[in-house]
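Okay, thanks for coming, everyone. I'll put the structure up and then walk you through strands, holes and a few odd backbone spots.

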Amino acid sequence: MEAFYRTHAYLVQHAHAPVRRDLMDEVDWNDRLIGIKGTRGVGKTSFLLQYAKERFGTDRSCLYINMNNPYFTTHSLVEFAGEFQKRGGNVLLIDQVFKLQDWSRELRECYDRYPNLKIVFTGSSVMRLKEENLELRDIARSYNLRGLSFREFLNLHTGMDFPAYTLEEILSNHEHIAKSILSKVRPLDYFQDYLHHGFYPFFLEKRNFSENLLKTMNMMIEVDILIIKQIELKYLSKIKKLFYMLAIGGHKAPNVSQLANEIQTSRATVMNYIKYLADARLINMVYPKGEDFPKKPTKIMLHNTNLMYSIYPVKVDEQDVLDTFFVNTLWKDHKVNKGDKNYSFLVDEVMPFKICTEGARIKHNPGMTYALHKAEIGRGNQIPLWLLGLLY
């Protein structure tokens, strides 16, 4: 146990979060069992350590452990949690809980056995805590940690502390909000860098970002999807090939029959694999209003713009990049459906948006909201696209 305390103390002392995530204040830390889900690379480990540093420092009442530790191949989490509580432990932070066999059953047993112990665990976005784990349905509180927003990226690079705004606030007051920000910084000076490499916090590390992102993408498939969905290793190449074909295929509806033929599997399996890739936050599936999975999506796009610049050969269409940014930033709190020939997307089933590249001709339509690329400030129903990056 002393080795775990030493590791915890070292990690907490050296924890440094360049951007304090808003989720830290959104979580109800009074709950006894809290799950922090998110795609690989968005900073879940840093989030746990920052929580420990802010609330407990190196106080031994809180302990961080990682299920990658081989100790847990021969010792149960329930046994460890009991020993930790005997030593005065109150808060157990468990990283990568899905690496533990029967993790949901062990979490349930810890919850029932140790009513004075609080557990916070991290897991992959592929995990379905409530839908697939009946043991946790009524006791676990789940939150999603996303990649950096443009607002967080802007704050990081400028030293500012711009707040997040709701979509309603932006639509009704975008000119005032934009002017207040422009009086301090020029957001467009940072926007392209965000589109290229700003979503994943590991761009701050002194490593090649593209290589790191490719490694992360492979881990999402090889570890998160295969382990959590219990898929045999022999099917790994099929999933990877499918992802690559979707990634380079552009924003369109998938030809499921052709894809099934290409990777030599059934149509039903292709649709399941597409769903897994969406759960892993590698792609987004966009549907017409009123439709959803298991129906075939009418548009598949990469989950965020950083991914678009990492796939070789790099074929980045500006309209596709802007559409991807829009869907990704709206996706946290809003439903986004495919639009018709007159507009790009329908938000929350009632708000049509048209995403416009620089110099695009705009037909006046008072019922439409136009999101304009490279516009510093808007007017009326025309808003700067970058401003939507302040939604979280």
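Before the strands, one bit of vocabulary: when I say buried, I mean under 20% relative accessible area. And do keep in mind that this is a predicted model.

So, let's start with strand S3, residues 91-95. How many of its residues are buried? Five of five, so by that cut-off S3 is mostly covered. Now, in a regular strand the side chains alternate between the two faces of the sheet. Look at the two sides here: Val 91, Leu 93 and Asp 95 sit on one, Leu 92 and Ile 94 on the other, and they're all buried, with both faces covered.

What does S3 pair with? On one hand there's strand S2, residues 62-66, which runs parallel to S3 over five bridges. If you want a landmark in that pairing, Asn 66 stands opposite Asp 95 of S3. To get from S2 to S3 the chain goes through helix H4, residues 77-86, and that β-α-β crossover is right-handed.

The other partner is strand S4, residues 118-124, again parallel to S3, this time over four bridges. Here the landmark is Leu 93, which faces Val 120 in S4. Helix H5, residues 103-113, joins S3 and S4 in a β-α-β unit, and that unit is right-handed too.

While we're in this region, take a look at Ser 61. You'll find Ser 61 in the loop between helix H3 (44-55) and S2. Is Ser 61 buried or exposed? Its relative accessibility is 11%, so Ser 61 counts as buried. Leaving out residues up to four places away in sequence, Ser 61 touches Phe 56, Phe 84, Gly 88, Gly 89, Asn 90 and Val 91. Val 91, remember, is one of the buried residues of S3.

Right, on to pockets. The largest one has a volume of about 970 Å³. There are 38 residues lining that pocket, and the ones nearest its centre are Gly 41, Gly 43, Lys 44, Ser 46 and Glu 205. Which elements feed into the lining? H3, S2, S4 and helix H10 (209-228) each put in at least two residues, and H3 gives the most, with six. For anyone thinking about chemistry, the split for the largest pocket is 15 nonpolar, 14 polar and nine charged residues.

The second largest pocket comes in at about 540 Å³. It's lined by 20 residues, and closest to the centre are Arg 281, Asn 284, Met 285, Asp 292 and Trp 331. Helix H13 (267-279), strand S6 (283-286) and strand S8 (336-338) each supply at least two lining residues, with S6 giving the most, at four. By class this lining has nine nonpolar, three polar and eight charged residues.

Now the closed spaces. How many cavities of 30 Å³ or more does the structure hold? Two. The largest has about 90 Å³ of space. Of its 13 lining residues, Thr 39, Leu 145, Arg 146, Arg 281 and Trp 331 are closest to the centre. You'll recognise Arg 281 and Trp 331 from the second largest pocket, where they're also among the residues closest to the centre. The lining of the largest cavity breaks down into four nonpolar, six polar and three charged residues.

The second largest cavity holds about 50 Å³. Around it are Tyr 194, Phe 199, Asn 304, Thr 305, Asn 306, Thr 324, Phe 325 and Asn 328. Helices H14 (305-308) and H15 (318-330) are the elements that give two or more residues, and H15 has the largest share, three. This lining has three nonpolar and five polar residues, and no charged ones.

Last stop, backbone oddities. As background, most residues other than glycine have a negative phi, and most peptide bonds are trans. Arg 281, our repeat visitor, has a positive phi of about 65°. Arg 281 lies in the loop between H13 and S6, and at 12% relative accessibility it counts as buried.

Asp 102 also has a positive phi, near 55°. That residue sits in the loop between S3 and H5, and at 46% relative accessibility Asp 102 counts as partly exposed.

And then there's a cis peptide bond, from Phe 293 to Pro 294, with omega near 15°. Pro 294 belongs to the loop between S6 and strand S7 (299-302). That's my tour, so over to you.

Note on methods
Residues numbered from 1 in each chain as written. Predicted model: local features only at pLDDT ≥ 70, side-chain atom pairs only at ≥ 80, totals over all residues. Heavy atoms only, no water. 1 Å grid on protein atoms, 1.4 Å probe; cavity = no way out; pocket = protein on both sides within 12 Å on 5 of 7 lines; lining within 4 Å. Points joined across faces, edges and corners; volume = space filled by probe spheres on them. Nonpolar A, V, L, I, M, F, W, Y, C, P; charged D, E, K, R; others polar. Buried < 20%, exposed > 50% of the residue type's maximum accessible area, 1.4 Å probe, protein only. Pairing = 2+ DSSP bridges. Right-handed = clockwise from strand over helix to strand, strands pointing away. Contact = heavy atoms within 4.5 Å.
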